[in-house]
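Thanks for making time. Please bring up the sequence and the structure, and follow along as I go from place to place.

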Amino acid sequence: MDPLLSTLILILLALLGARFSFSSIPVPQGPRLLLRTGVHFLFVGFALGPHGLNLIGVDQVQQLFPLLALGLGWVGFLFGLQLDRSALSQFPRSWIWITILQGVLTFGIFFGIGWVGLTTFGWADDVGFLLVSGAAATAAVSAPAGVALVSTNFLVRGNVRTLLFFMASLDGIVGIVALQITYTVFHPAGIVMTGDRVAAPWAPAAALFLGLAAGIVFLWLNRPRPHKDALVLFLLGMAAFAAGAALRLQLSPLFVATVVGMVVANLAPDSQRIYRVLQAWEQPVYLIFLILAGAFLDFATIWVLPLGAVYFLARIAGKMGGTLVATRIVPAGFPTPKRMGEGLVTQGGMSVALALSAVLSYQGFQSGQASTETFFTIVVLGVVLSDLAGPILTTDVLRRAGEISPHVEAALAQGDQRGAATAAIRHTPSGPANPSEGTDPE
């Protein structure tokens, strides 16, 4: 298909998706979350892609590479903007340490389970180490959308809910850093060309420098406080440039774009205005990104289905174990449920972006049955399962914590919204103000 026609189809689908996919639809919580986050558009991309109807073939995907870079840059930029020290200082410092520790422990537990599995089947080599490291990086990430959905449905307040939202909004930093470390240990050029481990100790410094430089350039462009239309062009250009340059230099595009967002969040006098503009364009940019990402899905082997389920179960074990240990080592300031990690099962778009970043960096690599497309498909299936189960598990956590009142549930079951609101005020604990809504395009 002609690249121009492919682009027009993508833009049309993105506009339609932004109009309908993010609206409230009377379906159960799990499917509703998938519709709100737009993850189902990955399967639209698969249907249109080279493994489906081939309306967007391999050549077209390659020619539309700048749109993929733009999507990765947009996600990273948006995430980095919430790492504002003035906003984070409104919450207990212990919450930040809990968030980081549970993310690191989730990575470690998931990696350990994966490595034991590879060793059992005799696949514990450099390739297996790389794939499990990349999968563990995506598993460390949560999404605030699941907590937000349950909170809205059941009018939840309280400390457990707020801490869950805080952790789900920020633990993406662990996955982003972990993937950049993976790039450092397994530099893409070496693994793709030779299949062997080639370290690049200079990569983290180079990624940090590129992000800082791009952030400073953006601050200079934004200095005269441009009109909103000009600001949109600056944001589009900088997101595409930062991620595209990172991919060209074989660095992590999400790491670089997140650094850009952090620079802007902490140094720009109008960072909230920039954040609002990014959010206004989030849905169409994100849906174009998802459709193109879906073209990389490959169900060539039946093994992706059970491995997707294994990914899902290993991630639940990681989140439960990591959160339990983190909240016992670092006091949260209030009693926390033992199974609080179940409230962090929802994944969303950041995990997909991390997986696609790895696919683009290691594109063309294949060893036996292992390939970047297989890896991406397994992660996507795990994300779908997590988003289906996440709201149910989050509801269970908040119900056991006493932050979902039976009186509220009884009123909602009778369709009495006003009564539910009154019951929420009377019978549920109040908590601190919510953190800023998460960066994930959830």
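Start at Arg225, in the loop between helix H13, residues 203–222, and helix H14, residues 228–248. This is a predicted model, so please keep that in mind throughout. Phi of Arg225 is near 50°, which is a positive value, and the residue is not glycine.

There is another residue of that kind. Leu155 has phi near 55°, again positive and again in a residue other than glycine. Look for Leu155 in the loop between helix H9, residues 145–154, and H10. Its relative accessible area is 28%, so Leu155 is partly exposed.

Now a polar residue. Is Gln180 buried or exposed? Gln180 is buried, with a relative accessible area of 2%. The cut-off for buried is under 20%. Gln180 sits in helix H11, residues 172–185. What does Gln180 touch, once neighbours within four places in sequence are left aside? The contacts are Ala203, Pro204, Ala207, Leu251, Ser252 and Phe255.

On to the aromatics. The structure holds 14 aromatic pairs. Take Phe46 and Phe299. Their ring centres are 5.1 Å apart and their planes stand at 80°. Planes over 60 degrees apart count as edge-to-face, so that is what this pair is. Where do the two partners lie? Phe46 is in helix H3, residues 41–48. Phe299 is in the loop between helix H17, 282–294, and helix H18, 304–329. The pair therefore ties together parts that are 253 residues apart in sequence. Phe299 has a relative accessible area of 31%, so it is partly exposed.

Next pair: Trp95 and Phe166. This one is edge-to-face too, with 5.8 Å centre to centre and 65° between the planes. Trp95 belongs to helix H7, residues 93–120, and Phe166 to helix H10, residues 159–170. So this pair links parts that are 71 residues apart in sequence. Trp95 is buried, at 2% relative accessible area. Phe166 is buried as well, at 1%.

There is also a cluster. Phe107, Phe111, Trp115, Phe129 and Phe186 form one aromatic cluster.

Now the inside. In soluble globular proteins, nonpolar side chains tend to be buried together. Here the largest nonpolar core has 128 residues. Which members touch the most other members? They are Leu42, Phe77, Leu164, Leu235, Ile274, Leu356 and Phe376. Pick out Phe376. Leaving aside neighbours within four places in sequence, Phe376 contacts Leu42, Ala293, Phe296, Leu297, Val352, Ala355, Leu356 and Val359. Two of those names, Leu42 and Leu356, we have just heard in the core list. Apart from the largest core lies another one, of five residues. Phe312, Ile316, Val345 and Ala389 are among them.

Last stop, the surface. Which residues make the nonpolar surface patch of about 680 Å²? The patch is made by Phe43, Phe299, Ile302, Trp303, Leu305, Leu307 and Val310. H18 gives the most to the patch, with three residues. Trp303 is in the loop between H17 and H18. Trp303 has 59% relative accessibility, so it counts as exposed. The cut-off for exposed is over 50%. And notice Phe299 once more: it is part of this patch, and it is also the ring partner of Phe46.

That is the tour. Questions, please.

Notes
Residues are numbered from 1 along each chain as its sequence is written. This is a predicted model: local features need pLDDT of at least 70, side-chain atom pairs count only at pLDDT 80 or more; totals for chains, interfaces and linings use all residues. Side-chain values use heavy atoms; hydrogens and water are left out. Rings of Phe, Tyr and Trp (its six-membered ring) pair if their centres lie within 6.5 Å; planes under 30 degrees apart count as stacked, over 60 as edge-to-face and the rest as tilted. Helices (H or I, at least four residues) and strands (E, at least two) are DSSP runs, numbered from the N terminus. Buried means under 20% relative accessible area, exposed over 50%, partly exposed in between (1.4 Å probe, protein chains only). A nonpolar core is a set of buried Ala, Val, Leu, Ile, Met, Phe, Trp, Tyr and Cys residues joined through side-chain atoms within 4.5 Å. Contact means heavy atoms within 4.5 Å. Patches are made of residues with over 30% relative accessible area and no salt bridge: like charges are joined within 9 Å, nonpolar side chains (Val, Leu, Ile, Met, Phe, Trp, Tyr) within 5 Å. Accessible areas come from the Shrake-Rupley method with a 1.4 Å probe; for residues, only the protein chains shown count as cover. A salt bridge is a side-chain nitrogen of Lys or Arg within 4 Å of a carboxyl oxygen of Asp or Glu.
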